[in-house]
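Subject: The structure I promised you

Hi! Here's the structure we talked about, ready for you to open. Have a look around first, then read on for what turned up.

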Amino acid sequence: MPTNADIRCRFDDTGRVWMRQAISGATLNRLRAQSAIGKNPGARLSADGPLSDTISDARFTQHIRAVWPGMRPVRIVSFDKNAGANLGVPWHQDRVIAVREKAALSGFSNWSKKHGAWHCEPPASLLQQMLFVRIHLDDNAPGNGAMEIALGSHNTGKVPAAEAEPIAEQYPSELTAAHAGDVLIMSMLILHLSRPAIQPVNRRVLRVDYADFALPEPLAWAA
């Protein structure tokens, strides 16, 4: 059984750790119902309310807090890759956070409003303190467009979009094949891609960003 120190060491080295079979059947069904987005390929969901409560109370979040004390969900996005929404995304980093209000603050840039919430790109120093967690609500396999990650690429820091592919190719890649109920914990700065599915079937995933700190005033988390 790996210790918390072992988990942190593996995470610092590769940018990811797996929690296999981390979610019970009842919790998995509740997450599916609370995160349903109809025919949309993806949607940002409220980090306040029943879904956030289910995530916060789940056993896997307790395990996360044992390794990274104080972590809580600050942004939730639901994805459903299916026959009607089967797009690929090239190598990239997701570097945005959701905040309550827009504010002019040094180091915070690329402001946009999405689904009623302000988003921006914070300094790398803040992103490095956060976790990017994928909750697999269905099996993810090569045939249905499982995500691919570049192990160790989080140590590069912020990567310009034009340099993402050549930098990702310098690192070993991992196809994140998973069963429903598996949880993948990653660095916010890890390079990743998603290829179109060869055999499109529902591939529902929740992305949850965790943080253990308050944003500098006057900014505040949207949650």
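Thr27, Arg30, Leu31 and Gln34 in helix α2 touch Pro50, Leu51, Thr54 and Ile55 in helix α3. Sorted by class, that contact has 4 nonpolar, 3 polar and 1 charged residues. One thing to keep in mind while you look: this is a predicted model.

How do the two helices lie against each other? The axes of α2 (residues 25–34) and α3 come within 9 Å and cross at roughly 155 degrees. Angles over 145 degrees count as roughly antiparallel, so that is what α2 is to α3. The crossing of α2 and α3 is also left-handed.

Now follow α3 (residues 50–57) to its other partner here, α4 (residues 59–67): these two pack at an angle of about 55 degrees, with their axes 5 Å apart. That angle makes α3 oblique to α4. On the α3 side, the contact is made by Ile55, Ser56 and Asp57. On the α4 side, you'll find Arg59, Phe60, Thr61, Gln62 and Arg65. By class, this contact has 2 nonpolar, 3 polar and 3 charged residues. If you want a residue that links the two stories, try Ile55 of α3: it is part of the contact with α2 and also part of the contact with α4.

Next, find Trp68, in the loop between α4 and β3. Is Trp68 buried or exposed? Its relative accessibility is 6%, so it counts as buried. Setting aside neighbours within four places in sequence, Trp68 is in contact with Ile7, Arg8, Phe11, Val17, Leu131 and Ile185. You can also check its C-alpha atom against that of Pro2: the two residues are 66 apart along the chain, and the atoms are separated by 15 Å.

After that loop comes β3 (72–81). This strand is mostly covered, with 8 of its 10 residues buried. Which strands pair with β3? One is β2 (residues 42–45), which runs antiparallel to β3 and is joined to it by 4 bridges. In that pairing, Gly42 stands opposite Phe79 of β3. Another is β13 (residues 203–211), also antiparallel to β3, this time over 9 bridges. There, Arg75 has Asp209 in β13 as its bridge partner.

On to the open sheets. One has 4 strands in the order β4-β12-β9-β10, with antiparallel pairing. Its edges are β4 (89–92) and β10 (173–175), each with a single partner strand, so one side of each has no neighbour in the sheet. Neighbouring strands of this sheet are turned by 15 degrees against each other on average, ignoring direction. Within it, 3 bridges join β9 (residues 147–150) to β12 (residues 192–194). To see one of the pairs, look for Glu148, whose bridge partner in β12 is Leu193.

There is also an open sheet of 3 strands, ordered β5-β7-β6 and again antiparallel. Here β5 (97–99) and β6 (109–114) are the edge strands, each pairing on one side only. The twist in this sheet averages 35 degrees from one strand to the next. Between β6 and β7 (residues 117–121) there are 4 bridges, and the bridge partner of Lys113 in β7 is Trp118.

Last, a few backbone oddities. Most residues other than glycine have a negative phi, and most peptide bonds are trans. Which residues go the other way on phi? Gln21 is one of them, with a positive phi of about 50 degrees although it is not a glycine. You'll find Gln21 in the loop between β1 (16–19) and α2, and at 67% relative accessibility it counts as exposed. Asn110 also has a positive phi, about 55 degrees, and is not a glycine either. Asn110 lies in strand β6, and it counts as exposed because its relative accessibility is 54%.

As for the peptide bonds, look at the one from Glu217 to Pro218: it is cis, with omega near 10 degrees. Pro218 is in the segment after β13.

Happy exploring, and shout if you get stuck!

Technical notes: Residues numbered from 1 in each chain as written. Predicted model: local features only at pLDDT ≥ 70, side-chain atom pairs only at ≥ 80, totals over all residues. Heavy atoms only, no water. Axes fitted to C-alpha atoms, helices over the stretch in contact; angles between N-to-C directions. Parallel < 35°, antiparallel > 145°, perpendicular 65-115°, else oblique. Contact = heavy atoms within 4.5 Å. Nonpolar A, V, L, I, M, F, W, Y, C, P; charged D, E, K, R; others polar. Left-handed = near helix turned anticlockwise from the far one by under 90°. Pairing = 2+ DSSP bridges. Buried < 20%, exposed > 50% of the residue type's maximum accessible area, 1.4 Å probe, protein only.
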